[in-house]
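Me: Could you take a close look at one strand for me and walk me through its surroundings?

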Amino acid sequence: MLEFATLCSGSSGNATFVRGGNTRVVVDIGCTASKLTAHLQEIGVNPHEIDGIFITHEHSDHIKGVSVFARKYGIPVFASPKTCEELPFARELAPGQLNSFSYNFALGDLEVEFLKLYHDARQPVGMSFYHHGSQFSLVTDTGVFSKTMEQSLSHADGILLEANYSATMLKNGPYPMFLKQRIAGERGHLSNVDTARALAAIDGGGKRQIVLGHLSEVNNTPETAKREIAAELARLGCSLHYDLQVAPRYEAGPLITLDELSST
Ligand SMILES: [Zn+2]
Ligand SMILES: [Zn+2]
């Protein structure tokens, strides 16, 4: 069985729980370690059961609680080679606790495929997790939704996909121009319209569990994201066969089980 749940999501902090069989991992810890422990308890997971922490990239909204949580529970940390070089807490960890990956690999019952992100970090990655024919993919913090992502996510049963900003809210919002350009640039984030186009590109007509995440607190709202995505999908002539959920910002979302029989 493959399961996932967002633990917190947004520019204020990101963390996601993934379980495949007897292997439990957390992707990113952008909240404090004590908050992460509380969020895991919200979905009935004991922090002592976590087998690994995967890091997508070194921005603080993804790594804030990694060091304290990893040391407290003695959990190995995995990141891309250049991300490892950027982690400010690398020396705080025990020898051998921080591991870099260059290729796709397996941790216990989970196989992991890494997807290159287009983002202003050193070597950022998204991830597809596989267990017994089921797939959960996580793509946030990218200015471009690439062909590689499209190919990988086309087969996913569950997806956490970024819907960072409304182009209208960003344009009319309070951010300085350089920040607006950074967010909307090719090494920034996906807008609601970008996300709708990504959903249209990977839609195979089947049912799947899709959660929208990493919403900006200033330049988006859950209602705006859903409305703008629905409008763009309608414009593209694409009707999805499932509801879009939005990950809660400060608490765990529901634990979502991906049906092994529905996978392709
Ligand atoms: Zn980032
Ligand atoms: Zn981020």
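Reply: Sure, let's start with one contact: Glu113 sits across from Ser128 of β9. That's a predicted model, mind you, where local features need pLDDT of at least 70, side-chain atom pairs count only at pLDDT 80 or more, and totals for chains, interfaces and linings use all residues. Residues are numbered from 1 along each chain as its sequence is written, while chains are lettered from A and ligands numbered from 1 in the order in which they are written.

β9 covers residues 125-131; strands here are DSSP runs of E, at least two residues, numbered from the N terminus. Seven of its seven residues are buried, meaning 20 or more other C-beta atoms, placed from the backbone, lie within 10 Å of the residue's own. Val125, Met127, Phe129 and His131 point one way, with Gly126, Ser128 and Tyr130 pointing the other. In a regular strand, side chains alternate between the two faces of the sheet.

Now the neighbours; two strands pair if DSSP finds at least two bridges between them. β8 (residues 110-116) runs antiparallel to β9, joined by six bridges, and Lys116 has Val125 as its bridge partner. With β10 (residues 134-139), β9 pairs over five bridges, again in the antiparallel sense, and His131 faces Ser134 there. β9 and β10 make a hairpin with two residues between them, and His132 in that turn has a positive phi of about 45 degrees.

Zooming out, the strands belong to an open, mixed sheet of seven, ordered β7-β8-β9-β10-β11-β12-β13. Its edge strands are β7 (105-107) and β13 (244-246), each pairing on one side only.

Note on methods: A residue is buried if 20 or more other C-beta atoms lie within 10 Å of its own, exposed if 12 or fewer, and partly exposed in between; C-beta atoms are placed from the backbone. Helices (H or I, at least four residues) and strands (E, at least two) are DSSP runs, numbered from the N terminus.
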